[in-house]
Amino acid sequence: MPQTILAEVVSIEAATDFVNIVKLKPLIPAPFKAGQYLQIVLSDEDKRIFSIASAPNAELIELHIGAGPDDAYPRGALDHMSVNREVILEVGLGDAFLQHESTRPIILMAGGTGFSYTKSIADHLVHIESVNPVILYWGVKDETALYAKTEMETWAASYPNLQFIPVVENPSADWQGKTGFVHKAVMDDIASLAEYDIYLAGPFKMAGIARDDFIKHGAIKEHLYADAFAFI
Ligand SMILES: Cc1cc2nc3c(=O)[nH]c(=O)nc-3n(C[C@H](O)[C@H](O)[C@H](O)COP(=O)(O)OP(=O)(O)OC[C@H]3O[C@@H](n4cnc5c(N)ncnc54)[C@H](O)[C@@H]3O)c2cc1C
């Protein structure tokens, strides 16, 4: 059940020219599952959706908000928050949360700021000492958008069953890694997706295309999880 809580804004920091990382301290415990989202309540009629980037056990709730100068929806949410201000949140929304009982290998696939969603699940898998093999693919338009690359490389290096694979759509001449659309990189690497639980977030177009292509590539529809599916 979603719960309405008050939280204090602890920090708002630019991770890139486009992405701000917001940290919030809930004034009462904020129950949610890894992979769920929240709404920032601007008014009764205006509630703005963002994935929760932190794991449920974390002290602070973390959000990664992508906002260009003309993106009124996320910009309005950012304008609503300032350090030390209290904001109203509705937490524990969405159905694309981690399936704890599953023993299947896991693919976490993020497009751009969809990384936030995968980060919550990734952190939680470490917290619960999951033994399921996990591959986190993070697709971005260019390298500057990989604001947590070093953190995720350290994450993967620390746990033998975890892998992190960044994928850059329009790479610079210096880029050594995978290129193109992130879901294509997944399909290039893995011959059949039949045995995987796949959790994905990112642009709606990506979610729709990846769902169709992944099913053709063997993925089982019931093992594909994305809240974007409810919006497209
Ligand atoms: C439940 C929910 C929660 C949300 N939470 C957040 C949030 O926390 N923060 C936030 O900023 N937004 C959020 N959004 C909005 C939405 O997810 C973002 O607009 C989206 O992630 C923005 O991605 P981007 O612009 O960073 O990706 P882009 O930079 O546009 O794309 C990143 C990568 O995605 C892939 N991709 C993009 N387009 C295509 C395509 N047409 N075909 C194939 N692959 C493609 C490519 O690999 C590309 O490099 C949320 C939406 C919903 C429904």
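Trainee: Is the crossing of α4 and α5 left-handed or right-handed?
Mentor: This is a predicted model, in which local features need pLDDT of at least 70 and side-chain atom pairs count only at pLDDT 80 or more, while totals for chains, interfaces and linings use all residues. Residues are numbered from 1 along each chain as its sequence is written, and side-chain values use heavy atoms, with hydrogens and water left out. Helices (H or I, at least four residues) and strands (E, at least two) are DSSP runs, numbered from the N terminus. A crossing is left-handed if the near helix is turned anticlockwise from the far one by less than a right angle, and right-handed if clockwise; the crossing of α4 and α5 is right-handed.

Trainee: How are α4 and α5 oriented to each other?
Mentor: Axes are lines fitted to C-alpha atoms, for helices over the stretch in contact, and angles run from 0 to 180 degrees between N-to-C directions. Helix α4 (residues 182-189) and helix α5 (residues 204-216) have their axes 10 Å apart, at an angle of about 20°. Angles under 35 degrees count as roughly parallel, over 145 as roughly antiparallel, 65 to 115 as roughly perpendicular and the rest as oblique. The two helices α4 and α5 are therefore roughly parallel.

Trainee: Which classes of residue make the contact of α4 with α5?
Mentor: Contact means heavy atoms within 4.5 Å. On the α4 side are Val182, His183, Lys184, Val186 and Met187, and these meet Met206, Ile209, Ala210, Asp213 and Phe214 of α5. By class (Ala, Val, Leu, Ile, Met, Phe, Trp, Tyr, Cys and Pro nonpolar, Asp, Glu, Lys and Arg charged, the others, Gly among them, polar), the contact of α4 with α5 has seven nonpolar, one polar and two charged residues.

Trainee: Which strands stand at the edges of the sheet in the order β4-β3-β6-β1-β2-β5?
Mentor: Strands pair if DSSP finds at least two bridges between them. This open sheet has six strands with antiparallel pairing. One side of each edge strand is left without a neighbour in the sheet, because each has a single partner strand; the two are β4 (46-51) and β5 (61-66).

Trainee: Which residue of β6 is the bridge partner of Glu8?
Mentor: Strand β1 (residues 3-14) pairs with strand β6 (residues 86-93) in the antiparallel sense, over six bridges. The partner of Glu8 in β6 is Glu86.

Trainee: What angle does the direction of α1 make with that of β4?
Mentor: Helix α1 (residues 72-80) packs on the sheet and touches β1, β2 (19-26), β3 (37-43), β4, β5 and β6. Its direction and that of β4 make about 100°.

Trainee: In the sheet of order β10-β9-β8-β7-β11-β12, which residue stands opposite Ile106?
Mentor: The six strands of this open sheet pair in parallel. Strand β7 (residues 106-111) and strand β11 (residues 197-201) run parallel and are joined by five bridges. Opposite Ile106, in β11, stands Asp197.

Trainee: At what angle does α3 run to β9?
Mentor: Helix α3 (residues 149-158) lies across β8 (134-140) and β9 (162-168). Relative to β9, α3 runs at about 150°.

Trainee: Is the crossing of α2 and α3 left-handed or right-handed?
Mentor: Helix α2 (residues 115-127) packs with α3 at about 30°, and their axes are 12 Å apart. These helices, α2 and α3, are therefore roughly parallel. The way α2 passes α3 is left-handed.
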